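The following note sets out points for a colleague who is examining the model. It takes up helices, enclosed and open space, and a few individual residues in turn.

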Amino acid sequence: MTSSARPEAPALDAAAREALGSACADVRDADPADHVDGVAPLVVARPGDTEQVAGTMRAAAAHGLRVVPRGAGTKSTWGLPPAGVDVLLDLGGLDEVVDHAAGDLIVQARAGTPLACVQETVAGERQRLTVDETVAGATIGGMLATNASGARRTAVGTARDLLIGVTMVRHDGVVAKAGGRVVKNVAGYDLGKLLIGSMGTLGVVVDATFRLHPLPAASRWVTARAADPAGALALAQAAVHSQVVPAAVEVGWAGGAGAVSVLLEGRESGVQGRVDELSAILGPLAGDVGVSEDAPAGGATYPWDPTARGDDRAVALKVTFGLSGLADVLGALAGTPAEVRGSAGSGVVYVALPSATGVDEVATVLTRLRRASAEHGGATTVVDAPAAVKDAVDVWGPVPAIALMRRVKDQFDPERRLAPGRFVGGI
């Protein structure tokens, strides 16, 4: 739980401001648009390269300043509000696809580069970074910091599985690298795994290298309706356990009913044959099976409006579970106004409750979902919500590895100046 009071940082003294200005070419006073989940930073530093990021972090360390990194700001209200922000580190100036080695199927991009720009660059060679753009305008750094993923994780995993190299700046301004430029080089890969999903609390990612996949020649979505949670589970299991090798198995759910949509990709002739095979499998379970080149409504995006701010934000939940738990998770939402969208094939779905949902009702739904997901080896967290909800409920829920996570935080950020308090357990 959090306190309803949003802390303000003390005034930035002249020496600290001068040090920041010497390290970074673009430092300005913050304005209301720069608030991080209601917490006001004092200044915004926008470095143009890795050395300026390192210099800014050294200056912040020398003056004990708290730093929160920001990409495009599309997920700046995720998690908990920071305990305080002195410097908002705007990584939008690190906007560049550094290298695209098409022959090696790799791409290297700066942290502030929009994912869409990376996709546009590699598409010229009929390649793609197989990560869904779940929020329009999201950057590479923001995607890694929040571990954002969509439906295509079923086939290739998440960014954690595609990352082969990363450059980060530590809390003290030291630049560290892990991994390499080729797919076979996995030295230091665990550093990337630690940084992904850490909400900027362990270090500042400045660039990342990923392995790519060829663009498929053909794509088809096969969609089958489900009248109840058991029906949705049967459809998802049939698709996952079939021989059609789905690229994604997406569930959409609202009002006690919904659909399971399966993405098939590859060569035109092969895709058509797999569409016919899957339709024959799902037909007896659903009765009505549709095929389209277009993704289902909402596609791989979240079931809430990511542009909403303040009390207009939906209550956004992330639920993980083993595939067999899909029916129980959907059943836990019976009688609620929840909308669900996510990767049924990977056991990761997102739930949206309207912004006007009362705190008591949110707490009840959260309890039900946590019970259902835990019974199937998963968990439920509050991704985003109005301040009153974050203040009243346990956003992260039980975390068995919290002691280890705190030790990692102590090693990476012993002074607790990087995005303090935004992550689980006040990390």
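1. A residue is called buried here when its relative accessible area is under 20%, and exposed when that area is over 50%. The model is predicted. By this cut-off, the buried residues of helix H11 are Val-362, Val-365, Leu-366, Leu-369, Arg-370, Ala-372 and Ser-373. Arg-370 and Ser-373 are thus listed beside residues such as Val-362 and Leu-366.

2. Helix H11 runs over residues 359–375 and has 17 residues. The distance from its first C-alpha to its last is 24 Å, close to the 24 Å expected at 1.5 Å a residue. Just after H11, Gly-377 adopts a positive phi of about 75°. The cover over the buried residues of H11 includes three strands, E16 (315–320), E18 (348–353) and E19 (380–384), together with helices H10 (326–331) and H12 (387–392).

3. Helix H1 (residues 14–23) has as its buried residues Ala-16, Leu-20 and Ala-23. Viewed down the helix axis, these buried residues of H1 fall within an arc of 65°, and therefore line one face of the helix. An α-helix has 3.6 residues a turn, so residues three or four places apart point the same way. On the face of H1 turned away from the buried side are the exposed residues Ala-14, Glu-18 and Ser-22. The partners against which the buried residues of H1 pack are strand E1 (27–29), strand E2 (43–45), helix H2 (50–62) and strand E4 (87–90).

4. Leu-65 lies in the loop between H2 and E3. Is this loop residue buried or exposed? With a relative accessible area of 7%, Leu-65 is buried, because the cut-off for that class is under 20%. Beyond its neighbours within four places in sequence, Leu-65 is in contact with Leu-12, Ala-16, Leu-20, Ala-60, Asp-86, Val-87 and Arg-417. Among these contacts, Ala-16 and Leu-20 also appear in the list of buried residues of H1. Leu-65 and Met-168, 103 residues apart in sequence, are 19 Å apart in space, C-alpha to C-alpha.

5. The search of the whole structure returns four cavities of 30 Å³ or more. The largest cavity holds about 360 Å³ of space. Its lining comprises 26 residues, with Pro-69, Gly-71, Gly-141, Gly-142 and Ala-145 nearest the centre. Strand E3 (67–70), helix H4 (140–146) and strand E10 (204–211) are the elements that each give two or more residues to this lining. H4 gives the most, with five residues. By class, the lining of the largest cavity divides into twelve nonpolar, eleven polar and three charged residues.

6. The second largest cavity contains about 90 Å³ of space. Of the 14 residues that line it, Trp-78, Trp-304, Asp-305, Pro-306 and Asp-384 lie nearest its centre. This lining has seven nonpolar, two polar and five charged residues.

7. How much space lies in the largest pocket? The volume is about 980 Å³. The pocket is lined by 38 residues, and those closest to its centre are Asn-147, Gly-197, Trp-396, Met-405 and Phe-423. Two or more residues of the lining come from each of H4, helix H7 (189–195), E16, E18, E19 and helix H13 (402–412). E19 gives the most, with four residues. The pocket lining has 24 nonpolar, ten polar and four charged residues. Helix H4 thus contributes to the linings of both the largest cavity and the largest pocket.

8. Thr-146 is found in H4. At 15% relative accessibility, Thr-146 counts as buried. Apart from its neighbours within four places in sequence, Thr-146 is in contact with Lys-75, Trp-78, Gly-197 and Met-199. Of these, Trp-78 is listed among the residues nearest the centre of the second largest cavity, and Gly-197 among those closest to the centre of the largest pocket. The C-alpha atoms of Thr-146 and Val-383 are separated by 9.7 Å, although the two are 237 residues apart along the chain.

9. Thr-167 belongs to strand E8 (residues 163–169). Its relative accessible area is 6%, and Thr-167 is buried. Neighbours within four places in sequence aside, Thr-167 is in contact with Val-175, Ala-176, Lys-177, Val-204, Val-205, Val-206 and Asp-207.

Conventions
Residues are numbered from 1 along each chain as its sequence is written. This is a predicted model: local features need pLDDT of at least 70, side-chain atom pairs count only at pLDDT 80 or more; totals for chains, interfaces and linings use all residues. Side-chain values use heavy atoms; hydrogens and water are left out. On a 1 Å grid over the protein atoms alone, a cavity is a set of points where a 1.4 Å probe fits but cannot get out, and a pocket is an open set with protein on both sides within 12 Å along at least five of seven lines; lining residues have an atom within 4 Å of a point. Grid points are joined across faces, edges and corners, and a volume is the space filled by probe spheres set on the points. Ala, Val, Leu, Ile, Met, Phe, Trp, Tyr, Cys and Pro count as nonpolar, Asp, Glu, Lys and Arg as charged, and the others, Gly among them, as polar. The expected span of a helix is 1.5 Å times one less than its number of residues. Buried means under 20% relative accessible area, exposed over 50%, partly exposed in between (1.4 Å probe, protein chains only). Contact means heavy atoms within 4.5 Å. The arc is that of the directions from the helix axis to the C-beta atoms.
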